[in-house]
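Visitor: May I ask for a close look at one part of this predicted model, namely its aromatic side chains? Please follow the chain outward from there to whatever lies along the way.

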Amino acid sequence: MAGFLSDLVQYRKLLLMIVVLGIGGTHLSGFQVSVINYTSVYIQKFINETWLERYGSVLHQETLTLFWSFIVSVYCVGGMIGCLCSGYLTAKYGKKKCLLFNDMVLIIATLHTGFSRRAKSFEMILIGRFLEGIGAGIHMNAHVQYAGEISPKKLRGFVNVTSSVFLALGKAVARILGLRDLLGTEDMWNVLLSFSGLVALIQLLFLPSFPESPPYLLLQKGDKAGCLKAMKQLWGEGNYQTEFDDLMKEKAVTKGTKIMNILEVLKEPSVYPQLSTMLLLLLSLQLCGLSAITFYTSEIFQTANLHESIIPYVSLGVAISELISIIFCSSIIDRFGRRILLWGGYLLMALILVLLETSLLLSDQFLWMRYCSVILIFLFIIAYGIGPAGAIASVMNEIFTLSTRSSAFVIGGIVMWLGLTFTGMIFPFAVQFSSTCSYQKQKGSQPPKSQKNSKHADLRRNVIRLWRRMLPKKRHSAPSSDRPP
């Protein structure tokens with residue numbers, strides 16, 4: 001640990017660049033996917049009021065839920081589009097220019113969400129979320145690749161994990177600012193949505209003072225002097241001949257090989273093992289329930305019958321637990337390796353899910369079981385943070401060469417954004433359906449005594465009602481004694 005801390009002091013300029021990269025990179029993605037939890041009630045109320053003012057009627061609850069799911073999932077649709085563009089942009093213009101352009105897109109997006117309330121237009125929220133999604137699709141790929149390329153070999157695992165650290169930090173910041181004591185109020189929700197524009201502006205101002213990644217300068221631009229200058233600027237004075245020789249070897253191997261596009265990567269058999277590994281890791285994240293917890297933390301705890309006033313603080317605790325566990329992962333990943341963290345993390349997550357399912361099944365019989373469910377959710381997040389959260393980003397960066405990395409990240413990003421889109425569209429209706437079924441179950445569990453043995457009476461009344469409809473009209477004018485009983 002002492003050697004690790006001394007390395008951090010030596011590479012302090014690298015740490016500054018990691019911070020600048022992170023706050024305008026995956027930090028924004030974590031913030032944007034989490035902040036929507038705290039504005040959901042106010043945005044839905046704003047949509048209803050706007051609709052009433054325009055058309056003189058209130059939206060049906062199902063229609064309102066559909067509009068809300070569009071606002072959540074349009075971010076993911078934009079993410080897929082941005083992800084598709086990121087491969088071409090990072091290969092042609094480099095990660096640095098790509099991120100600077102992306103900051104301007106994000107500032108425009110937050111202007112739409114910030115002024116939507118004054119303009120009385122919920123469509124501006126849709127546009128803003130869509131543009132934020134495009135920005136997220138770009139900066140998630142660019143940030144992860146950029147961080148991996150600027151790191152020295154002995155700190156590569158730590159630097160790769162920082163993208164996951166800032167993703168968790170964004171979730172925690174969103175939950176802190178979303179508290180009702182700060183910006184999570186009906187008067188300030190549009191300001192809360194606009195916070196990401198301020199962070200993008202900070203990166204736009206400071207990132208130009210840092211260099212492009214050394215591998216990009218050498219392998220793509222052929223600039224040896226620029227590569228060595230970038231190494232010294234980021235890593236301080238020292239002998240970096242080993243890293244430079246490794247880059248020269250990679251350049252010799254890939255000599256005459258251009259950056260491969262998506263179709264070329266998909267047609268290249270030698271890349272299939274790496275693609276299979278990446279897709280397996282990404283699908284495991286999509287199918288383990290993390291997306292639902294991220295998007296709809298508040299709704300999940302409401303379904304668990306937690307008191308409304310403590311839900312924001314419990315959600316904040318989940319985010320802080322994830323952040324601390326990922327930071328811990330970043331300090332041990334280079335010591336224990338990626339495989340141990342992946343196997344151990346997934347094994348713990350599977351065990352916790354079994355216990356969570358058991359506690360949910362017994363929650364109706366034992367009220368204290370719902371608190372066990374909350375504790376198990378915390379443990380699940382901690383197991384994810386210590387294991388897969390950091391190891392997956394590191395593995396994805398290390399198994400691809402520079403010629404295939406951009407396109408491979410696009411393929412992986414499409415899989416991730418498709419999963420998030422599905423979750424964003426389906427989960428609100430699933431929660432609503434679950435609540436309806438639970439209400440009907442509670443209502444039907446104790447039926448009134450008069451209804452228990454009324455099947456024959458209901459059948460008799462229905463037959464009489466049908467018979468009356470079939471009778472001629474003149475029969476209805478007969479005396480009451482002539483009418484059928």
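Aromatic pairs and the chain around them

Guide: The count comes to 6 aromatic pairs, where rings of Phe, Tyr and Trp (for Trp the six-membered ring) pair if their centres lie within 6.5 Å, and where planes under 30 degrees apart count as stacked, over 60 as edge-to-face and the rest as tilted. One of these is formed by Phe46 and Trp189, whose rings stand 5.4 Å apart from centre to centre, with 55 degrees between their planes, and the pair is tilted. It links distant parts of the chain, for Phe46 belongs to helix α3 (residues 26–55) and Trp189 to helix α7 (residues 189–193), 143 residues apart; helices here are DSSP runs of H or I with at least four residues, strands are runs of E with at least two, and both are numbered from the N terminus. Phe46 counts as buried because its relative accessible area is 8%, the term buried meaning under 20%, exposed over 50% and partly exposed in between, with a 1.4 Å probe and protein chains only. Trp189 is buried as well, at 2% relative accessibility.

A second pair, also involving helix α3, is the one between Trp51 and Phe67: the ring centres lie 5.8 Å apart and the planes meet at 50 degrees, so this pair is tilted. Trp51 sits in helix α3 and Phe67 in helix α4 (residues 61–119), so the pair ties together parts that are 16 residues apart in sequence. Trp51 itself is partly exposed, with 22% relative accessibility. The two rings do not stand alone, since Trp51, Tyr55, Phe67 and Phe122 form one aromatic cluster.

As to how these values were obtained, this is a predicted model in which local features need pLDDT of at least 70 and side-chain atom pairs count only at pLDDT 80 or more, while totals for chains, interfaces and linings use all residues. Residues are numbered from 1 along each chain as its sequence is written, and side-chain values use heavy atoms, with hydrogens and water left out.

Between helices α4 and α5 there is a loop, and Lys120 lies in it. What sets the backbone of Lys120 apart is a positive phi of about 55 degrees, although this residue is not a glycine. Most residues other than glycine have a negative phi. With a relative accessible area of 46%, Lys120 is partly exposed.

Farther along the chain, helix α8 (residues 195–206) contains Gln203, a polar side chain that is nevertheless buried, with a relative accessibility of 0%. Once the neighbours within four places in sequence are left aside, Gln203 is in contact with Val20, Leu21, Gly24, Gly25, Leu99, Leu100, Asp103 and Pro208, contact meaning heavy atoms within 4.5 Å.

Leu207 follows in the loop between α8 and α9, and it too is buried, with a relative accessible area of 0%. With the neighbours within four places in sequence again left aside, Leu207 is in contact with Val20, Leu21, Lys96, Leu99 and Leu100. Comparing the two lists, Val20, Leu21, Leu99 and Leu100 appear for Gln203 and appear again for Leu207. Leu21 can also be placed by distance, for Leu207 and Leu21 are 186 residues apart in sequence, yet their C-alpha atoms are 7.5 Å apart in space.

These links can be set against the chain taken overall, which has 22 helices and 0 strands. Of its 485 residues, 52% count as buried, and among them are Phe46 at 8%, Trp189 at 2%, Gln203 at 0% and Leu207 at 0%. Among contacts between residues at least 6 apart in sequence, 82% join residues at least 24 apart.
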